[in-house]
Each structure stands twice: as structure tokens, then as C-alpha cells.
Amino acid sequence: TFGVFAVGFLVRPLGGIVFGRVADKRGRKSVLMMTIIMMAIASAIIGVMPTYEQIGIWSSVGLLVIRILQGFAHGGESAAANSYIPEIAPNAHRGKWGSMVYVSIFGGSVIAYVLGGLISLVLNDDQLASWGWRIPFAIGAACAVAAFALAGLMARAWRSGPAGQKLLRPCQARPLGLEVPAPTCPIPIRS
């Protein structure tokens, strides 16, 4: 029903609040990694979940719980990304980097619409109803795993490069008298 679809949107603000507090304590990057993992697991479970004919009402209950998890994770991911990306951007490019978060969200939606359209074109109604609807969830889970792996590779390459070494130096006092301990200092130290 539409309730299963809507519940994911209803818990997004709660995810933003909860993960916002976690991000303030443990860092936005760790929240982004947690939410990517949560979305990958949820998408994979939806892709392999037994049908109503196999387990009855528990299929609907399971789908509802997983949609809540997805909405919760998405709320946290959006809030963390909207803060993290401009924080790590070079001063001259913060607006451009920050806007890429929104571009990515809408770009992902366009890809999802195109994928749904292609699957609908290729499969007949029976195939789509019996197993074809699972394809986007399997692809989504695989993309999340790839994104997680890519983020790890990029982080290692960045830390070992000259920009990473400069950024990982202990941070100096910031405006408003804030001290940010290394290595969480989001802004490069200008010598």
C-alpha cells in the first residue's frame, strides 16, 4: 500500500535529528558511512524478501520495518552530507560543492525513473510482478557497496597525499574560539 511507501518519508526528519547528534559527536563522515551501510542492507533485504504467499502478513510487516529503516537512514544521510561536503570543500568552491549534494539527489532520482522505465519496457506484467520489481533493489544494494568501497579507497589515497597530510595537522584556534581536534578539522590550515 501507499502507507509502506509514505512511512519512509515520515521518519526522515527523525533520522536527521538522531544522526545529526551522532555526527556532532562522532563526525559526519562516520554517519555517512553508517547510513550507506544501512541503505545497502535494507535494499538487499527488500530484493530477497519472501513474498506474501510464502510468509503471509510477515512479508508486509518486514517491508514496513525496512522502509522505516531506509527513511531513517536517508534523513541522517541528507543532513550529514549537507553539512560535511561544504565543510571539506576549498573556501573558493563551497557553494559549488554544497550544491552537488542536491544535484546528486535529483540525479539519483532520474536514474531510478529511467531504470524503472527500462525494466517496465523489457519485462511483461507477470515478470515484473513476480520478480522484476526486485531488480532495482539489487542494483541499489550493489551500488551502495561500491560507493562504500570507493569511499574507503579515496580516504586512504587522500590521507597519504600532500593535501591530506596538510589537513591532518593539528588544528589551530578557529573563529569564535573553537578548537577542533585533529584529524576531524574540516578546514585546511593556511600557513
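Visitor: At roughly what angle do the axes of helix α2 and helix α5 cross?
Guide: This is a predicted model, in which local features need pLDDT of at least 70, side-chain atom pairs count only at pLDDT 80 or more, and totals for chains, interfaces and linings use all residues. Residues are numbered from 1 along each chain as its sequence is written, and side-chain values use heavy atoms, without hydrogens and water. The axes (lines fitted to C-alpha atoms over the stretch in contact, with angles from 0 to 180 degrees between N-to-C directions) of α2 (residues 12-26) and α5 (residues 57-88), both helices being DSSP runs of H or I with at least four residues, numbered from the N terminus, come within 6 Å and cross at roughly 55°.

Visitor: Is α2 oblique or roughly perpendicular to α5?
Guide: Angles under 35 degrees count as roughly parallel, over 145 as roughly antiparallel, 65 to 115 as roughly perpendicular and the rest as oblique. The axes cross at roughly 55°, so α2 is to α5 oblique.

Visitor: Which residues of α5 make the contact with α2?
Guide: Contact means heavy atoms within 4.5 Å. From α2 come Arg12, Leu14, Gly15, Gly16, Val18 and Phe19. Facing them in the contact, α5 supplies Gly71, Phe72, Ala73, His74, Gly75, Gly76 and Ala79.

Visitor: Is Thr35 buried or exposed?
Guide: Thr35 is found in helix α3 (residues 28-48). Not counting residues up to four places away in sequence, Thr35 touches Phe19, Ala73, Gly76 and Glu77. Because its relative accessibility is 0% (under 20% is buried, over 50% exposed, partly exposed in between, with a 1.4 Å probe and protein chains only), Thr35 counts as buried.

Visitor: Which residues in α6 are buried?
Guide: Helix α6 (residues 94-122) has 29 residues. Buried in α6 are Gly98, Val101 and Ile119.

Definitions and conventions:
Helices (H or I, at least four residues) and strands (E, at least two) are DSSP runs, numbered from the N terminus. The expected span of a helix is 1.5 Å times one less than its number of residues.
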